[in-house]
Amino acid sequence: MTWSEMQPLLEQACWDTLYMVGWSTVIAVVGGLPLGILLVLTDRGGLLQNTVLNKIIGQVVNIARSMPFIILMVALMGFTRSITGTTIGREAAIVPLAIGAIPFFARLVETAVREVDGGLVEAVQSMGGNTWTVVRKVLVPESLPSLISSTTTTIVALIGYSAMAGTVGAGGLGDIAIRYGYQRFETELMWITVAVLAVVISLIQFVGDYAARGLHRRGGRSGTAPRLRLLRSRAAVNSGSRATAGTEADADAGSGPAVTGTSAERPAADVSKVG
């Protein structure tokens with residue numbers, strides 16, 4: 001096969017792969033982010049502590065993560081057909097890709113959110129913030145660099161999943177590698193496909209790492225955490241000042257009569273001496 005014959009195949013396969021991975025990533029983030037945060041909130045000692053609910057969600061996530069993607073894709077064929085009307089093509093592949101990525105991303109979100117300093121949560125609660133305020137102002141902004149890294153990891157995993165989806169006619173680079181590289185013995189095309197996958201993954205990893213490092217250099221915050229720390233320190237200073245002022249006032253009140261009494265006794269002693 002010549003390069004002029006390979007080029008249109010590779011271009012279409014790249015667009016199909018990016019289409020599947022892009023939509024699957026969006027669905028995985030939308031579904032996995034609240035699920036991961038819920039795992040933290042309902043855990044023991046969490047703001048919405050509910051051990052039963054936490055164990056149920058955890059078991060569902062673990063079962064979904066433990067299932068090999070190729071088996072998950074076959075098991076969901078009926079569900080995929082009911083949504084998309086078909087089980088082949090890039091649209092059909094989005095369904096198992098997204099369902100397989102949601103629990104994967106949820107565990108990464110859980111790990112990222114658990115790293116947030118508990119003192120910030122207590123500061124928001126002491127200022128009257130509810131659970132939604134804690135999530136919106138502390139948990140998500142503080143864990144944003146780790147969440148970006150988690151999203152990058154999920155995208156890379158989805159590219160690998162999409163290559164496996166090519167074995168059942170999902171399209172994309174995996175489909176090209178299987179149909180032409182393996183079944184038609186086009187070894188050159190297969191290695192070109194592998195190289196393209198490596199380049200795409202490297203670019204995505206570079207962009208994700210660059211964004212995460214950029215947030216880390218800026219403190220990894222949206223400005224919420226420094227304000228919370230400042231408010232917390234001001235509150236501590238104010239309470240300390242009030243305590244100091246109260247102590248000095250008590251001391252002055254206690255020393256007043258003693259000084260008065262002493263000064264009153266001294267003139268009496270002098271009068272007796274004159275007499």
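Partly exposed is the label for a residue whose relative accessible area falls between the 20% under which residues are buried and the 50% over which they are exposed. Asp43, at 22%, therefore counts as partly exposed. Keep in mind throughout that this is a predicted model.

## The overall picture

Let's start with the fold. The protein has 11 helices and 0 strands, so reading along the sequence gives helix after helix, in the pattern α-α-α-α-α-α-α-α-α-α-α. Of its 275 residues, 32% count as buried. The exposed surface comes to about 15700 Å², with carbon and sulfur atoms supplying 64% of that area. Among contacts between residues at least 6 apart in sequence, 73% join residues at least 24 apart.

## Two nonpolar cores

The largest nonpolar core has 23 residues, and those with the most contacts inside it are Phe69, Ala93, Leu97, Ala165 and Leu189. Which helices build this core? At least two residues each come from α1, α3, α5, α8, α9 (173-182) and α10. Helix α1 makes the largest contribution, with 6 residues.

Ala165 gives a feel for the packing here. Setting aside neighbours within four places in sequence, Ala165 is in contact with Phe69, Met73, Ala93 and Ala170. There is also a second, separate core of 16 residues, and Leu41, Val113, Val121 and Val124 are among its members.

## Aromatic pairs

A search of the whole structure turns up 2 aromatic pairs. One of them is Phe69 with Tyr161, a stacked pair with 4.8 Å from centre to centre and 5 degrees between the planes. Phe69 sits in helix α3 (residues 69-75) and Tyr161 in helix α8 (residues 144-165), so this pair ties together parts that are 92 residues apart in sequence. Are the two partners buried or exposed? Phe69 counts as buried, with 6% relative accessibility, while Tyr161 is partly exposed at 22%.

The other pair is Phe206 with Tyr210. Their ring centres lie 6.4 Å apart with the planes at 25 degrees, so this pair is stacked too. Phe206 and Tyr210 are 4 residues apart in helix α10 (residues 187-217), which puts about one helical turn between them. Phe206 and Tyr210 are both exposed.

## Arg90 and its surroundings

Now for the charges. The structure holds 6 salt bridges, and three of them are set out here:

| Salt bridge | Closest N to O distance |
|---|---|
| Arg90 and Asp16 | 3.2 Å |
| Asp43 and Arg114 | 2.8 Å |
| Arg90 and Glu91 | 3.4 Å |

Arg90 turns up twice in that list, bridging to Asp16 and to Glu91. With Arg90 in helix α5 (residues 90-114) and Asp16 in helix α1 (residues 3-41), the Arg90 and Asp16 bridge ties together parts that are 74 residues apart in sequence. How covered are these residues? Arg90 is partly exposed, with a relative accessible area of 28%. Asp16 counts as buried at 13% relative accessibility, whereas Glu91, at 39%, is partly exposed.

Arg90 also has an aromatic partner: its charged end sits over the ring of Tyr19, 4.0 Å from the ring centre. Tyr19 lies in helix α1 and is partly exposed, with a relative accessible area of 29%. Which residues does Tyr19 touch, not counting those up to four places away in sequence? They are Arg90, Glu91 and Ile94. Tyr19 and Ile94 are 75 residues apart in sequence, yet their C-alpha atoms are 8.8 Å apart in space.

## Asp43 and the salt-bridge network

Back to Asp43, the residue we opened with. The side chains of Asp43 and Arg114 meet in a salt bridge, at 2.8 Å from N to O. This pair links distant parts of the chain: Asp43 is in the loop between α1 and α2 (51-66), and Arg114 is in helix α5, 71 residues apart. Asp43 is partly exposed at 22% relative accessibility, and Arg114 is partly exposed at 40%. What network do these two residues belong to? Asp43 and Arg114 are linked with Arg107 and Glu110 in a network of salt bridges.

Terms used:
Residues numbered from 1 in each chain as written. Predicted model: local features only at pLDDT ≥ 70, side-chain atom pairs only at ≥ 80, totals over all residues. Heavy atoms only, no water. Buried < 20%, exposed > 50% of the residue type's maximum accessible area, 1.4 Å probe, protein only. Contact = heavy atoms within 4.5 Å. Areas by Shrake-Rupley, 256 points an atom, 1.4 Å probe, with all protein chains shown as cover. Phe/Tyr/Trp six-rings, centres within 6.5 Å; stacked < 30°, edge-to-face > 60°. Lys NZ or Arg CZ within 6 Å of the ring centre and 35° of its normal. Salt bridge = Lys/Arg side-chain N within 4 Å of Asp/Glu carboxyl O. Core = buried A, V, L, I, M, F, W, Y, C linked by side-chain atoms within 4.5 Å.
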